[in-house]
Amino acid sequence: LIGKGGSGKSTSSLSCLNSTLGYAADDYCVVRPDPNPTVYSIYGTGKLDRGSLDRLPFLKSRINESEPDEDEKSLLYVSVHFPDRVILEFPLRAILIPQIVESETVSLQPVKASEALRTLGPNTLFQLPGSNATTFNRLAVIARSVPSYRLQIGRDTEALPGLIDNLLNNV
């Protein structure tokens with residue numbers, strides 16, 4: 001899951017805690033580009049803003065604060081509350097670019113690797129100390145090595161894990 005803040009990354013990843021899917025990270029993970037792209041979990045937490053809490057009510061009783069302040073996110077200790085869902089390492093099978101939309105349903109639309117790279121590149125390069133052309137080239141390798149999709153997130157967030165699971169089983 002890649003994208004700027006507020007795009008639905010946390011909602012998407014944390015919705016999977018209510019399914020059989022595993023959880024690697026919210027905001028930060030490590031990806032090795034080759035020989036086969038692999039994701040590594042580095043934190044066992046997730047962050048939720050008020051909108052995410054409203055979309056994922058099953059998490060309300062498990063967050064650090066009962067309600068986040070208007071501009072702050074609440075912290076969820078995934079490794080404490082869902083230890084069986086945390087996956088430390090797994091193959092990267094697809095790149096998802098979440099987008100919250102005003103509809104009931106969730107859906108996936110294929111996008112080109114160049115769109116994934118345009119979404120992935122700026123956030124990674126600005127936040128990763130010592131980034132350079134080699135870093136960008138590694139991101140390009142990752143974007144070209146797996147299929148990419150726009151994940152449109154409607155109000156039915158309970159359908160997200162099934163949609164993601166179906167994709168992962170068919171790529």
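Buried means under 20% relative accessible area, exposed means over 50%, and partly exposed lies in between (1.4 Å probe, protein chains only). By that scale R118 is exposed, because its relative accessible area is 56%. R118 lies in helix α4.

This is a predicted model, in which local features need pLDDT of at least 70, side-chain atom pairs count only at pLDDT 80 or more, and totals for chains, interfaces and linings use all residues. Residues are numbered from 1 along each chain as its sequence is written, and side-chain values use heavy atoms, with hydrogens and water left out.

**Helix α4**

Helices (H or I, at least four residues) and strands (E, at least two) are DSSP runs, numbered from the N terminus. Helix α4 covers residues 113-127. It has 15 residues and spans 21 Å from its first C-alpha to its last. That is close to the 21 Å expected at 1.5 Å a residue. The expected span of a helix is 1.5 Å times one less than its number of residues.

The helix has a kink of about 30° at G121, shortly before the proline P122. The bend at a residue is the angle between axes fitted to the seven residues ending there and the seven starting there.

Which residues of α4 are buried? They are A116, L117, T119, L120 and G121. The buried residues of α4 pack against β6, α5 and β8. An α-helix has 3.6 residues a turn, so residues three or four places apart point the same way.

Three residues can be set side by side.

| Residue | Element | Relative accessible area |
|---|---|---|
| R118 | α4 | 56%, exposed |
| L120 | α4 | 15%, buried |
| S148 | β8 | 3%, buried |

L120 touches I2 and L139, not counting residues up to four places away in sequence. Contact means heavy atoms within 4.5 Å. The C-alpha atoms of L120 and I142 are separated by 9.9 Å, and these residues are 22 apart along the chain. R118 and F82 are 36 residues apart in sequence and 33 Å apart in space, C-alpha to C-alpha.

**The sheet beside α4**

Strands of a sheet pair through backbone hydrogen bonds, either parallel or antiparallel. Two strands pair if DSSP finds at least two bridges between them. One open sheet has three strands in the order β6-β8-β7, with mixed pairing. Its edge strands are β6 (95-100) and β7 (107-111), and each pairs on one side only. Neighbouring strands of this sheet are turned by 25° against each other on average, direction ignored.

Helix α4 packs on this sheet and touches β6, β7 and β8. The direction of α4 makes about 70° with that of β6. Axes are lines fitted to C-alpha atoms, for helices over the stretch in contact, and angles run from 0 to 180 degrees between N-to-C directions.

How many bridges join β7 to β8? There are five, and the two strands run antiparallel. Strand β8 holds residues 148-153. S107 stands opposite Q152 in β8.

S148 belongs to β8. Leaving aside its neighbours within four places in sequence, S148 is in contact with I95, Q109, P110, V111, K112, A116 and A143.

**The nonpolar core**

A nonpolar core is a set of buried Ala, Val, Leu, Ile, Met, Phe, Trp, Tyr and Cys residues joined through side-chain atoms within 4.5 Å. The largest one has 16 residues. I2, L92, I95, I97, A116 and L117 touch the most other members. β6, α4 and α5 (133-145) each supply at least two residues of this core. The largest share, four residues, comes from α5. In soluble globular proteins, nonpolar side chains tend to be buried together.

L117 touches P122, F136, L139, A140 and A143, not counting residues up to four places away in sequence.

**A second sheet**

Another open sheet has three strands in the order β1-β2-β5, with antiparallel pairing. The edge strands are β1 and β5 (89-91), and each pairs on one side only. Neighbouring strands here are turned by 25° against each other on average, direction ignored.

Four bridges join β1 (residues 29-32) to β2 (residues 38-41), and these strands run antiparallel. A hairpin connects β1 to β2 through five residues. The bridge partner of C29 in β2 is S41. On the other pairing, β2 and β5 share three bridges in the antiparallel sense. There, Y40 stands opposite E89 in β5.
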